[in-house]
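Me: I have a structure in front of me and some terms I don't trust yet. Can we go through them one at a time?

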Amino acid sequence: MSDSRETINHHAFVVGYPIKHSRSPLIHGHWLKTMGIVGTYERVAVSPEDFADFIAGVKSGALGYCGGNVTIPHKEAAHALADETDALTDELGAANTLWVDDGKLKATNTDGIGFTSNLDDRHLGWDRGETAVVLGAGGASRAVIQALRERGFREIHVVNRTLERARELAHRFGPRVYPHAMEACAEVMQGADFFVNTTSLGMDGDPAPILPFHSLESDAVVTDIVYVPLKTAFLDQAERVGLATVDGLGMLLHQAVPGFEKWFGKRPVVDEVLRALVIADM
Ligand code: ATR
């Protein structure tokens, strides 16, 4: 037996409540199949009251899992219950990827990697500018702000319906992050190099406000973390004034890569076949 991995179980989960709509099983199932790996990845519905017991069962090995993904509403609890986390995940206070290593439960958050890898894939030089506008101040916004800061944006303007939440994020992330109420959106878009929607505005084709995308820099990049529909109202508005746009589906696909590699020992690729598979399921 030269491969020590043969002694490791290859059973992973995605846990949430509810969990029916998660597309992660489709993504990991595709990679398992195409890479010829014997393993499983399954949905598990666990209520908030039962989550700590579930985590104890994962950690002890009683549930037979090597790790898994965590989604709404358990990301904060997963972070709090983990034995080991990294600094970026601590700053977010939320984890979406868990694995058991040497009897310890380790946790990280891959949303930021998903966000940047999706944009990097398109070779648009999306991070060469200085000024970014982030619409929204929820959980997804935190990972995005952290990634923008890492990539060197000097001014990150957080615009939110509830000003107080934007203020909280500005306080958490420090001097380069500026909070604004929704009414100031047009003002801060003037001359900005990058725009991202992290709210649910425009999801499932719901109406989204008309924003002055023409006032961004002409080489600005616009993206959306909503991916249903692929061309959201914001991306459509940006495209109509000739701006480069990147849809949010790649963020979902790329955030799955580090977990798969941890649990199953091989790095999967995000390609057009996978993208088409997920689009066909939408
Ligand atoms: P997530 O973790 O996915 O980011 P969240 O924490 O519930 O979800 O945050 C949702 C974000 O979308 C928030 O910024 C929210 O604004 P508020 O902080 O004012 O609630 C924003 N959002 C949701 N629906 C919105 C709407 N109809 N108009 C404007 N902003 C909206």
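Reply: Yes. One caution before we start: this is a predicted model. Begin with a pair of residues. Ala12 stands opposite Gly67 in strand E3.

Me: What joins E1 to E3, and how do they run?
Reply: 4 bridges join E1 to E3. The two strands run parallel. Two strands pair if there are at least two bridges between them. With 4 bridges, E1 and E3 therefore count as paired.

Me: What is the order of strands in the open sheet?
Reply: The order is E2-E1-E3-E5-E6-E4. That makes an open sheet of 6 strands, and the pairing is mixed.

Me: What makes E2 and E4 edge strands?
Reply: Each of them pairs on one side only. E4 covers residues 84-85.

Me: Now the helices. Which residues of H1 are buried?
Reply: H1 spans residues 24-34. Its buried residues are Ser24, Ile27, His28, Trp31 and Leu32.

Me: How do you know that they line one face of the helix?
Reply: Look down the axis of H1. The buried residues fall within an arc of 130°, so they line one face.

Me: What do the buried residues of H1 pack against?
Reply: Three strands and three helices are listed as partners: E1, E2, E3, H10, H11 and H12.

Me: Leu277 is in H12. Why is Leu277 called partly exposed?
Reply: Count its neighbours. Leu277 has 15 other C-beta atoms within 10 Å. Buried needs 20 or more, and exposed needs 12 or fewer. The count of 15 falls in between, so Leu277 is partly exposed.

Me: Which residues is Leu277 in contact with, leaving aside neighbours within four places in sequence?
Reply: Leu26 and His30. Leu26 is 251 residues away along the chain, yet the two C-alpha atoms are separated by 8.2 Å.

Me: Why is Asp102 called exposed?
Reply: Asp102 has 7 C-beta neighbours inside 10 Å. The limit for exposed is 12 or fewer, so Asp102 counts as exposed. Asp102 is found in the loop between E5 and E6.

Me: And why does Asp204 count as exposed?
Reply: Apply the cut-off again. Asp204 has 9 C-beta neighbours inside 10 Å, and 12 or fewer is exposed, so Asp204 qualifies. Asp204 lies in the loop between E10 and E11.

Me: What is the phi of Asp102, and what is the phi of Asp204?
Reply: Asp102 has a positive phi of about 60°, although it is not a glycine. Asp204 has a positive phi of about 55°, and it is not a glycine either. Most residues other than glycine have a negative phi.

Me: Which residue with a positive phi follows H1?
Reply: Gly36 follows H1, with a phi near 65°. Gly242 follows H9, with a positive phi near 85°.

Me: Which peptide bonds are cis?
Reply: One joins Tyr17 to Pro18, with omega near 5°. Another joins Val228 and Pro229, with omega about 0°. Pro18 sits in the loop between E1 and H1. Pro229 lies in the loop between E11 and H9. Most peptide bonds are trans.

Me: What makes E8 mostly covered?
Reply: E8 runs over residues 155-160, and 5 of its 6 residues are buried.

Me: How many bridges join E8 to E7, and how many join E8 to E9?
Reply: 5 bridges join E7 to E8, in parallel. Val133 has His157 in E8 as its bridge partner. 5 bridges also join E8 to E9, again in parallel. Ile156 stands opposite Val177 in E9. The chain crosses from E8 through H7 to E9, and this β-α-β crossover is right-handed.

Me: What kind of unit do E7, H6 and E8 make?
Reply: A right-handed β-α-β unit.

Me: Which helix gives the most to the shell around the ligand?
Reply: H6, with 3 residues. Of the 14 residues around the ligand, those that come nearest are Gly138, Gly139, Arg161, Thr162 and Thr199.

Me: How do the residues of that shell divide?
Reply: Into 3 nonpolar, 9 polar and 2 charged. Glycine counts as polar here, so Gly138 and Gly139 go in the polar group.

Definitions and conventions. Residues are numbered from 1 along each chain as its sequence is written. This is a predicted model: local features need pLDDT of at least 70, side-chain atom pairs count only at pLDDT 80 or more; totals for chains, interfaces and linings use all residues. A residue is near a molecule or strand if its C-beta atom, placed from the backbone, lies within 6 Å of it. The arc is that of the directions from the helix axis to the C-beta atoms. Two residues are in contact if their C-beta atoms, placed from the backbone, lie within 7 Å. A crossover is right-handed if, with the strands pointing away from the viewer, the path from the first strand over the helix to the second runs clockwise.
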